[in-house]
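Me: I am new to this structure and would like to understand the reasons behind the words used for it. Could you take me through them step by step?

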Amino acid sequence: MPSLSPRLAEIVEALPLAPGLRVLEIGCGPGAAARAVAARLGAGHILAIDRSAKAVAQARDAGADEIASGRMSVRQAAIEDFVLEPGEAPFDLVFAVRVGALDGRHPEAGRRALPRIAAALAPGGRVFVDGGRPLRELTV
């Protein structure tokens, strides 16, 4: 299990994770939360995305074992441009921590991001962002 800051550990703990879920993390940074989620998904999968090529490279390097096991993948993408790849299954759970498009810092990006998130969600899928105690759920 990767070493998480107390805040990230609290956020991962608060997510309604269950074995077999498909999870999307928006703004993964170096991938610490994604690796912690992957450890809890059993046969599930987490896709960690970030707009930064440097962050994606860091997440790929740090998550090499999780990627090799098939529990995690990493992709460079901004959420306001995100689309499922051909044949890619939708996600049961989406979460984001300190993502400007979803925390109000970049409202125009947020207006473009929400329909992209909705299009990537499985029926009954849920979306969580930081800013609650420790998370709040978004309706998309």
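Me: What does helix α6 lie across, and at what angle does it run to β5?

Reply: In this predicted model, helix α6, made of residues 107-120, lies across β1 (22-26), β4, β5 and β6, and its direction makes an angle of about 135° with that of β5.

Me: What makes β3 and β6 the edge strands of the sheet?

Reply: The sheet is an open one of six strands in the order β3-β2-β1-β4-β5-β6, and its pairing is mixed. The strands β3 (72-76) and β6 each pair on one side only, and these are the edge strands. On average, neighbouring strands of this sheet are turned by 20° against each other, with direction ignored.

Me: How do you know that β4 and β5 pair?

Reply: Two strands count as paired if at least two bridges are found between them, and β4 and β5 are joined in the parallel sense over five bridges, so the condition is met. One of the residues involved is F95, whose bridge partner in β5 is F128.

Me: Why is R98 called exposed?

Reply: The word exposed is used for a relative accessible area over 50%, and R98 has 59%, so the residue falls in that class. R98 is found in the loop between β4 (91-96) and α5 (100-103).

Me: What is notable about the phi of R98?

Reply: Most residues other than glycine have a negative phi. R98, although it is not a glycine, has a positive phi of about 55°.

Me: Which kind of peptide bond joins R133 and P134, and where is P134 placed?

Reply: Most peptide bonds are trans. The bond between R133 and P134 is cis, with an omega of about 5°, and P134 sits in the loop between β5 (121-130) and β6 (135-138).

Me: Why is the protein chain said to be as compact as a globular protein of its length?

Reply: The globule rule gives 14 Å for 140 residues, and the radius of gyration of the protein chain is 14 Å, close to that value, so the chain is as compact as a globular protein of that length. The chain has six helices and six strands, and its C-alpha atoms fill a box of roughly 35 × 35 × 30 Å along the principal axes.

Me: How much of the protein chain counts as buried?

Reply: Buried stands for a relative accessible area under 20%, and 47% of the 140 residues of the protein chain count as buried.

Conventions
Residues numbered from 1 in each chain as written. Predicted model: local features only at pLDDT ≥ 70, side-chain atom pairs only at ≥ 80, totals over all residues. Heavy atoms only, no water. Helix = DSSP H or I, 4+ residues; strand = E, 2+ residues; numbered from the N terminus. Buried < 20%, exposed > 50% of the residue type's maximum accessible area, 1.4 Å probe, protein only. Axes fitted to C-alpha atoms, helices over the stretch in contact; angles between N-to-C directions. Contact = heavy atoms within 4.5 Å. Rg over C-alpha atoms; globule rule 2.2 N^0.38 Å.
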